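Let's take a friendly walk through a protein model, one region after another. Keep the structure open beside the text and look for each part as it comes up.

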Amino acid sequence: MPGDLLMRIHSPEFQAMSQRVLEVTALTSRLNVLPFDDEAGKAGLLAQILGSPVPDRTTIYPPFFTDHGLNLELAERVFINQNCTFLDYAGIRLAERVMVAPKVTFITVGHPVDTDDRRTWLTGGPITVEENAWIGAGATILPGVTIGHDAVIAAGTVVAEDVPAASLVAGPKGAIKRRW
């Protein structure tokens with residue numbers, strides 16, 4: 001659940017996460033300046049970022065950003081277009097044939113609303129995108145959300161709640177427009 005306390009800031013766990021963020025930022029900085037046709041260079045850096053090779057027939061077009069990398073699970077035949085951001089500490093899973101348009105942001109962590117807790121805790125929850133979903137350009141997916149199979153998230157939509165399978169979600173408030 002997105003409101004659950006996930007980690008105490010300045011704890012040993014937080015310090016380890018912060019160190020990983022610095023390491024991955026250095027790796028993504030290198031990835032994002034490689035020539036587009038340097039497939040071997042991209043594959044090597046993505047394997048370091050993700051902790052394993054990119055699955056077969058999965059495509060990631062740089063620039064690509066992540067803060068942790070090790071909690072980003074990509075199935076085969078996933079397509080990630082340019083300039084996407086994956087803040088994956090609480091976990092992001094993209095199932096087979098998920099398509100992610102340019103400038104999409106996945107955020108699994110945040111801060112409590114309460115001002116006393118805001119500088120003490122991180123909150124968050126994992127994001128799951130089920131098979132054959134399509135995330136439109138500039139969409140933002142917030143902590144704890146599951147997007148059902150065959151769903152379409154329209155460009156610019158902010159998704160703060162689970163999305164049913166085979167539905168179209170559009171607009172700044174993420175209203176479900178249609179199911180098929």
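How many bridges join strand 1 to strand 11, and do the two run parallel or antiparallel? Strand 1 (residues 5-8) and strand 11 (residues 121-124) run antiparallel, and three bridges join them. Please keep in mind that this is a predicted model.

**The antiparallel sheet**

One of the residue pairs here is Met7 with Leu122, its bridge partner in strand 11. Strand 11 has another partner too: strand 10 (residues 109-110) pairs with strand 11 in the antiparallel sense over two bridges. In that pairing, Val109 has Gly124 as its bridge partner, while Gly110 stands opposite Thr123.

Put together, these three strands form an open sheet in the order 1-11-10, with antiparallel pairing. Strand 1 and strand 10 are the edge strands, and each of them pairs on one side only. As background, strands of a sheet pair through backbone hydrogen bonds, either parallel or antiparallel.

**The parallel sheet**

The other kind of pairing appears in an open sheet of five strands, whose order is 3-6-9-14-17 and whose pairing is parallel. Which strands stand at the edges of this sheet? They are strand 3 (64-66) and strand 17; each has a single partner strand, so one side of each is left without a neighbour in the sheet. The partner of strand 17 is strand 14 (residues 140-141), and the two are paired in the parallel sense over two bridges. Within this pair, Thr140 has Val158 of strand 17 as its bridge partner.

**Two nonpolar cores**

Now look inside. The largest nonpolar core has 35 residues, and the members that touch the most other members are Leu94, Phe106, Ile135 and Ile147. Several elements give two or more residues to this core, among them helix 1 (12-31), strand 4 (72-74), strand 6 (84-87), strand 7 (92-94) and strand 12 (127-129). Helix 2 provides the largest share, four residues. There is also a second, separate core of seven residues, which includes Met7, Phe14, Tyr89 and Leu122. Met7 and Leu122 should sound familiar: they are the bridge partners from strand 1 and strand 11.

Ile135 is a good residue to zoom in on. Leaving out residues up to four places away in sequence, Ile135 touches Met99, Val100, Ala101, Val104, Phe106, Val129, Ile141, Ile147 and Ile153.

**A buried loop residue**

Is Val163 buried or exposed? Its relative accessible area is 6%, and buried means under 20%, so Val163 counts as buried. Val163 is found in the loop between strand 17 (158-159) and strand 18 (167-170). Apart from neighbours within four places in sequence, Val163 is in contact with Thr146, Ile147, Gly148, Ala151, Ile153 and Val169. Two of these names, Ile147 and Ile153, also belong to the residues that Ile135 touches. From Val163 to Trp134 there are 29 residues in sequence and 12 Å in space, C-alpha to C-alpha.

**The largest pocket**

Which residues line the largest pocket? They are Glu39, Lys42, Ala43, Leu46, Pro53, Val54, Pro55, Thr58, Thr59, Ile60 and Tyr61. The pocket holds about 200 Å³ of space. Helix 2 and strand 2 (59-60) each give two or more residues to the lining, and the largest share, four residues, comes from helix 2. By type, the lining has seven nonpolar, two polar and two charged residues.

**Backbone details worth finding**

A cis peptide bond joins Pro62 and Pro63, with omega about 5°. Pro63 is found in the loop between strand 2 and strand 3.

Two arginines also deserve a look, since each has a positive phi although it is not a glycine. The table puts them side by side.

| Residue | Phi | Loop | Relative accessible area |
|---|---|---|---|
| Arg77 | about 65° | between strand 4 and strand 5 (79-80) | 35%, partly exposed |
| Arg97 | about 65° | between strand 7 and strand 8 (99-100) | 32%, partly exposed |

How values were computed
Residues are numbered from 1 along each chain as its sequence is written. This is a predicted model: local features need pLDDT of at least 70, side-chain atom pairs count only at pLDDT 80 or more; totals for chains, interfaces and linings use all residues. Side-chain values use heavy atoms; hydrogens and water are left out. A nonpolar core is a set of buried Ala, Val, Leu, Ile, Met, Phe, Trp, Tyr and Cys residues joined through side-chain atoms within 4.5 Å. Buried means under 20% relative accessible area, exposed over 50%, partly exposed in between (1.4 Å probe, protein chains only). Contact means heavy atoms within 4.5 Å. Two strands pair if DSSP finds at least two bridges between them. On a 1 Å grid over the protein atoms alone, a cavity is a set of points where a 1.4 Å probe fits but cannot get out, and a pocket is an open set with protein on both sides within 12 Å along at least five of seven lines; lining residues have an atom within 4 Å of a point. Grid points are joined across faces, edges and corners, and a volume is the space filled by probe spheres set on the points. Ala, Val, Leu, Ile, Met, Phe, Trp, Tyr, Cys and Pro count as nonpolar, Asp, Glu, Lys and Arg as charged, and the others, Gly among them, as polar.
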